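Got the model open in your viewer? Keep the selection box handy and let's walk through it stop by stop.

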Amino acid sequence: MTADPDLPRATGLLREALGDRLLTPADAGFPAAVRLWNGAPAGTPALVARVRDAGEVALAVRVAGRCRLPLSVRAGGHDWAGRALRDGGLVVDLTALRQVDLDPGTGVVTVGGGATAADVLAALRPYDRVVATGVVRAVGLAGLTLAGGYGPLCGRHGLALDNLLGAEVVLADGRRVTADPAHEAELFWALRGGGGNFGVVTALRFRTHRLRAALAGMLLFPLDQAAAVLGGYGAAVREAPDELTVMAGFLPGPAGEPVVFLAPVFTGDDPDAGRPAVDRLRALGTPLVDQVAPLPYEDVLRMFDGGMADGNHYLLRTRWLPGVAGPVVAELVAAARSVTSPYSAIALHHFHGAATRVGVAETAFGLRDAHLLAEIIAVWAPGDDSAPHRAWAERTSAALAPHALPGGYPNLLAPEETDRVRLAYGPNWDRLRRAKRRYDPRGTFSAVPTLPPAAPPAPRVPAADADAGVAPVDLRERSAEG
């Protein structure tokens, strides 16, 4: 029997420590604190702890455990499924942990657990340095990294997680540990691909890369040229050098009609060296828009600013594709022609080069063969009937399934897709579950993806006996050694 949550006790303990930085549904700041990028209804937490440092994170985690409250963590707030908010639970809000500190001598940057890609790139820009990111500046870098991190630097420098050098983590029992190759090496392995399922990451250390400018931009083509453009794109990315990573897919055009997009990013030392590759892409059709030029990396990510507006409702589906052959092109074009919303989109993310040269057992990420990540993004305005848009996303995903690789990108899989989660990790699945059992045996953390422990946890103390012979909750910090 599981004891009931002790919300009054948790509220009192956290209020004493955090003051007005603990929010309840009765507080004026609560609605803003639980507002996510996806405006679709999510869980309604009982408490939001707006922490300022790792010590307060540890305190919040210990209180949640002692008072039996469900726990979730909010950083960027961009998980489409809303898993930053758990019904009746405690949210550890990391949005104040946004510090960015570069060591110019080593090129290593230390990033707070609540920092976004925009925060980090802005701090690095004066040094002509960058980190591996996704394609949206507002996304939290920690959440992106822990489950993968596809982005424009994938070919040259790998996934975001391939550039992670270490992390500071608060475990489920409140201990604060360092995870890197020399400390808690198994945790460090699991963090690189296993998602936020092992603890609260309060700081991360990344390798940075010198990059003054990239040759990048957007090519848009009319829908009637989609088959030729995507077919040529498939051939181009198979032959692309590490320095060239190219997104593709469908975006809403000026009147809401879908148009084909190609978004090349060439990150070689000489941007002009990428012009022949861009010319090859440009020649695949007759562009409606042709905007490719040398850009600071931060401005490369601005291309997608505003494309997916906060507050709309979203449903995402994902498929790993080995390439863009004829049948895949046909299904993608059919999906674009049958799109149900002027806001919906399909994006193909390019995985190649350096990312493929990391051994599959070196990190928890389960797919190291060259591939394309298909991101199917159904979007509709608040108040609209969601059914046709959900059906479009499901239909598109099902149509691509026969041509897809097993599994899918864990950061985008739905909570109920546990069968695909297992396939996504491939040979790393059993090891990842053992790590889950070691570091979070009671399943305190249930971020992306849902990852069950290797064996059921020990039963909780029944409610009637919860305080029998037990000392008052100890809120003091404990070291990694306990």
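Select E417 and R420 to begin: their side chains meet in a salt bridge, 2.9 Å from N to O. (A salt bridge here is a side-chain nitrogen of Lys or Arg within 4 Å of a carboxyl oxygen of Asp or Glu.) Both ends are tucked away: E417 counts as buried at 13% relative accessibility, and R420 counts as buried at 8%. For the burial labels, under 20% relative accessible area is buried, over 50% is exposed and in between is partly exposed, with a 1.4 Å probe and protein chains only.

A word on what you're looking at. This is a predicted model, in which local features need pLDDT of at least 70 and side-chain atom pairs count only at pLDDT 80 or more, while totals for chains, interfaces and linings use all residues. Residues are numbered from 1 along each chain as its sequence is written, and side-chain values use heavy atoms, with hydrogens and water left out.

Next, pick D440 and K436. Their side chains form a salt bridge at 2.7 Å, N to O, and both residues are buried. Then select R125, R137, E298, D299, R302 and D305 together: salt bridges with shared partners join them into one network. How many salt bridges does a search of the whole structure find? The total is 28.

Now jump to R431, which bridges to E186 with the closest N and O atoms 2.8 Å apart. That contact links distant parts of the chain, since R431 is in helix α14 (residues 429-439) and E186 in helix α7 (residues 185-194), 245 residues apart. (Helices are DSSP runs of H or I with at least four residues, strands are runs of E with at least two, and both are numbered from the N terminus.) Are these two buried or partly exposed? R431 counts as partly exposed at 27% relative accessibility, and E186 likewise counts as partly exposed, at 22%.

Stay on R431 and add W189: the arginine lies over the face of the ring, 3.8 Å from the ring centre. Then show R192 and F188, where the charged end of R192 sits over the ring of F188, 3.9 Å from its centre. (The test is NZ of Lys or CZ of Arg within 6 Å of the ring centre and within 35 degrees of the ring normal.)

On to the rings. Phe, Tyr and Trp rings (the six-membered one for Trp) pair if their centres lie within 6.5 Å; planes under 30 degrees apart are stacked, over 60 edge-to-face, and the rest tilted. By this rule the count is eight aromatic pairs. Select Y150 and F351 for a tilted one, 5.8 Å centre to centre with 55° between the planes. Y150 lies in the loop between α5 (141-147) and α6 (154-157) and F351 in strand β17 (residues 345-351), so the pair ties together parts 201 residues apart in sequence. Y150 is buried at 5% relative accessible area, and F351 is buried at 1%. Compare Y425 and W429, a stacked pair at 6.5 Å and 25°. Before moving on, light up Y150, W320, F351, F365 and Y409, which form one aromatic cluster.

Last stop: helix α3, residues 54-66. Twelve of its 13 residues are buried, so α3 is largely enclosed by the rest of the structure. Just after α3, look for R68, which takes a positive phi of about 60°.
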